[in-house]
Amino acid sequence: MAKQRFNRFFYDHLLNFLLPFIAVLVALLVGALILWFQGVDPWEAYKAMFFGAFGSKNGLADTLVKSTPLMLVGLGIAIAFRGGVINIGAEGQLITGALFVTFLGVTFGQKLPGVVGVLLLLAAGALMGGFWGAIPGWLKAQLGVNEILSTIMMNAIAIQIGYYLLRGPMIDPAELAAGTNIPHSARLPKNLDMARFTHVAKALGFTERAKDLGLEGYIAQLYGVLVEPTRLHIGFLFAILMAILVYVFLWRTTIGYKIRAVGLNRHAARYAGINVKRNMVLSMTLSGAFAGLAGAVEILGLHHRMFEPTSVSAGYGFTGIVAALFGGLHPLGIIPSSILFGGLLVGGDKMQRAMQIPQVLITAILGLIVLFVVSTDFFKRKLQTRRVSEEAETFFEKETDETESVEASA
Amino acid sequence: MTQDLTLAAIIIGILHSGIRLATPYLYAGIGEMFGQRAGVLNLGVDGIMLMGAFLGFYAVYQTGNVWIGVAAAMAVGIFMGLLMAVVSITFQAEQGISGIGLYMFGLGLSSLLFKTMLGTVEGVQGFSELKFQITQNFSLYDIPLIGPIFFNHSVLTYGAFLLVPLSAFILNKTTWGLKIKAAGQNPEAADSLGVNVTTVRYAAVILGSALAGLAGASLSISLLNIFQENMTNGMGFIAVALVYFGSWRPYGVLAGALLFSTVNALQLWAQVLNLPIPSDVAVMLPYLLTIIALAMPFRRAAQPAALTRPFTRGEN
């Protein structure tokens, strides 16, 4: 019995937990092979990456800063997946959200009081991203348009709209005056900046630096992340709050239940009276809303103005897919997973600077992680089937034993 | 600029580039069609094209021989196709996502190799345009209007157009084509008739990926003769959409490829002629057109019934 219970625990939980790690490990090994072919010591490169991302105050802060949009995008992608649709369009949804927030912030920002303004603009970003996601959702539900392809096209369209706006109507007047014409917008008014960790710490009365308190080693770095001036802003906490909300939404509300039902089995859901089409549009809209929210947070918390669309979206739409898959498409799993992949992005940047290895290596590794993670589903299914059939076998053996003994005694 | 060009020259220019630019769409689209007809949606075309474009370019850059470039591009296409096939056929991974993984892998690796092996954008002497010299002082190119439109292309462009009837023949008149269609339409029935569904799907995906590699090379060693990071700019995804648009038929893919390349040509010429359309908006057109094309209702019935559905023997 104990063995059986262990088996069940192993196959149902431990394996689900371990397989993604194995996938990442294999991807990193292939990455090491690529590095080795390039004449670089993989061990040194990975060490530079790891310590660059997690080893110091600034690295750690950057990791958390990058994990913020990843988490929000990843949550959206998980919602879409759970609803049985695939959203590859987070890039475009993030960009349109960021553009809308920038437009509103620059135009009306002065009149909006701080906290209310930030909240309103966050909602506006979500609205715009949601709209951008609703279009492919509606096209899928009504006209059977493959949502993977349409969302990819919507990405390209959003990027072009962004360039058009930033070169024309939304360009920073200072750029026009200087004649440099770099495509970026004016800065949003300062009252709309999301607070940084260091500001919050100051308001709470933590003013000493790690040095002043006599902290040393890694504790000092961790203290520094929370208290000393870094780029880390409260958008990170907002993203974690959102992850908890999405968990509650998907597993504790009727609408969330319906979305998951459609994702698990469309036909059964329809049979049960759930409006499949409406729920497909809804999951795409929500998915886009979270990507739009990521765009809003990037503008309000980090950039404070809109830059070139692709450097604001920075591939988060794709890396977010990896984070969501690695997090098991579970809102709470996406929290650590986003931090891990935020670290990979920061580490790649540090590795480029320290060892002249182009950062695009990270894109290749991320692609491999996707390939390997989706492949592990197969092993999971296989092993689970074996577990079930083994249990059934022992069950039947026991039953035959009992019948035999009953027959013998009779 | 405008006044230098007569209307005839502009029309010739647009049609000529329309035919030229159809080349990568045709290779990638026809290749993808084989995979989808066998039941496998390969969304990694863009990544395969990028790898083909880089390795094809690099081979020509090193050896100066364009055919070695073609071989290198198709070889890397086969390798990437094998990877896709193992993941989506043997491991039965969700095809919508595994293709995105392959795309990211190809995008990242081609950029990495470009940065470490070349570093800067350089040019090569790629395929040259054929003028069809018939006699010493007459070539087909000299025929007015028709000559400059149709008889001024590289071998790879003519090859792409020849591929259309060839693939129609393979698909409709050979046993092999029948097996592909059966694997995508009803794998269980195909299996019961002795078709090895797995083998057929592997072959179709690998063939399609080899063609995708060639599509990339057609960009880097025939149309543009340079390599740049992410130079396909989503062309591979449009090629996947073309298969839907073309109702999974070779001539449908041809029609789609010509439509898209002409729109592309129009957009390029609009910039050359300084038409009052913002270039950022013009660049958007092919992507917008793709969504509209996908929403066309007439094509849906033709979709292979088992597209993206993995097959396991004896389970269904």
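# A guided tour of chains A and B

Begin by selecting A:His304, which sits in the loop joining helix H14 (276–303) to helix H15 (309–313) of chain A. The model on display is a predicted one. Most residues other than glycine have a negative phi. A:His304 is not a glycine, yet its phi is positive, near 65°. How exposed is A:His304? It counts as partly exposed because it has 19 C-beta neighbours inside 10 Å, while a buried residue needs 20 or more.

Move along the chain to A:Ala314, located in the loop between H15 and H16 of chain A. Here too phi is positive, about 50°, in a residue that is not a glycine. With 18 other C-beta atoms within 10 Å, A:Ala314 is partly exposed.

**Chain A as a whole**

Now display the whole of chain A. Its secondary structure comprises 18 helices and 0 strands. The C-alpha trace of chain A extends over about 100 × 55 × 50 Å along its principal axes. Of the 410 residues in chain A, 50% are buried. Among contacts in chain A with a separation of 6 or more, 80% join residues that are 24 or more positions apart.

**The two domains of chain A**

Colour chain A by its domain assignment: domain 1 covers 11–40 + 360–381, and domain 2 covers 52–196 + 231–356. The C-alpha centres of the two domains are 25 Å apart. Where they touch, domain 1 of chain A contributes 9 residues and domain 2 of chain A contributes 10 residues.

Select the domain 1 side of this contact. Which elements give two or more residues to it? They are helix H1 (2–37) and H18 of chain A. H18(A) provides the largest share, 6 residues. By class, this side of domain 1 has 8 nonpolar residues, 1 polar residue and no charged residues.

**From chain A to chain B**

Next, bring chain B into view and select the contact between the chains. It draws 36 residues from chain A and 40 residues from chain B. On the chain A side, the elements giving two or more residues are helix H5 (114–143), helix H6 (147–167), helix H16 (316–326) and helix H18 (360–409). H18(A) again deserves selection: it supplies the largest share of the side that touches chain B, 13 residues. The chain A side divides into 25 nonpolar, 9 polar and 2 charged residues.

**A helix pair in chain B**

Finish by selecting helix H2 (residues 45–63) and helix H9 (residues 197–223) of chain B. These helices pack at an angle of about 55°, and their axes are 6 Å apart. H2(B) and H9(B) are therefore oblique to each other. Their crossing is right-handed.

To examine the contact itself, show the side chains on each helix:

- On H2(B), the contact residues include B:Val45, B:Ile48, B:Met49, B:Gly52, B:Ala53, B:Gly56, B:Phe57 and B:Val60.
- On H9(B), they include B:Ser209, B:Ala212, B:Gly213, B:Gly216, B:Ala217, B:Leu219, B:Ser220 and B:Ile221.

What is the class make-up of the contact of H2(B) with H9(B)? It has 14 nonpolar and 6 polar residues, with no charged residues.

Technical notes: Residues are numbered from 1 along each chain as its sequence is written. Chains are lettered from A and ligands numbered from 1 in the order in which they are written. This is a predicted model: local features need pLDDT of at least 70, side-chain atom pairs count only at pLDDT 80 or more; totals for chains, interfaces and linings use all residues. Two residues are in contact if their C-beta atoms, placed from the backbone, lie within 7 Å. Helices (H or I, at least four residues) and strands (E, at least two) are DSSP runs, numbered from the N terminus. Ala, Val, Leu, Ile, Met, Phe, Trp, Tyr, Cys and Pro count as nonpolar, Asp, Glu, Lys and Arg as charged, and the others, Gly among them, as polar. Domain bounds come from an automatic or database domain assignment. A residue is buried if 20 or more other C-beta atoms lie within 10 Å of its own, exposed if 12 or fewer, and partly exposed in between; C-beta atoms are placed from the backbone. Axes are lines fitted to C-alpha atoms, for helices over the stretch in contact, and angles run from 0 to 180 degrees between N-to-C directions. Angles under 35 degrees count as roughly parallel, over 145 as roughly antiparallel, 65 to 115 as roughly perpendicular and the rest as oblique. A crossing is left-handed if the near helix is turned anticlockwise from the far one by less than a right angle, and right-handed if clockwise.
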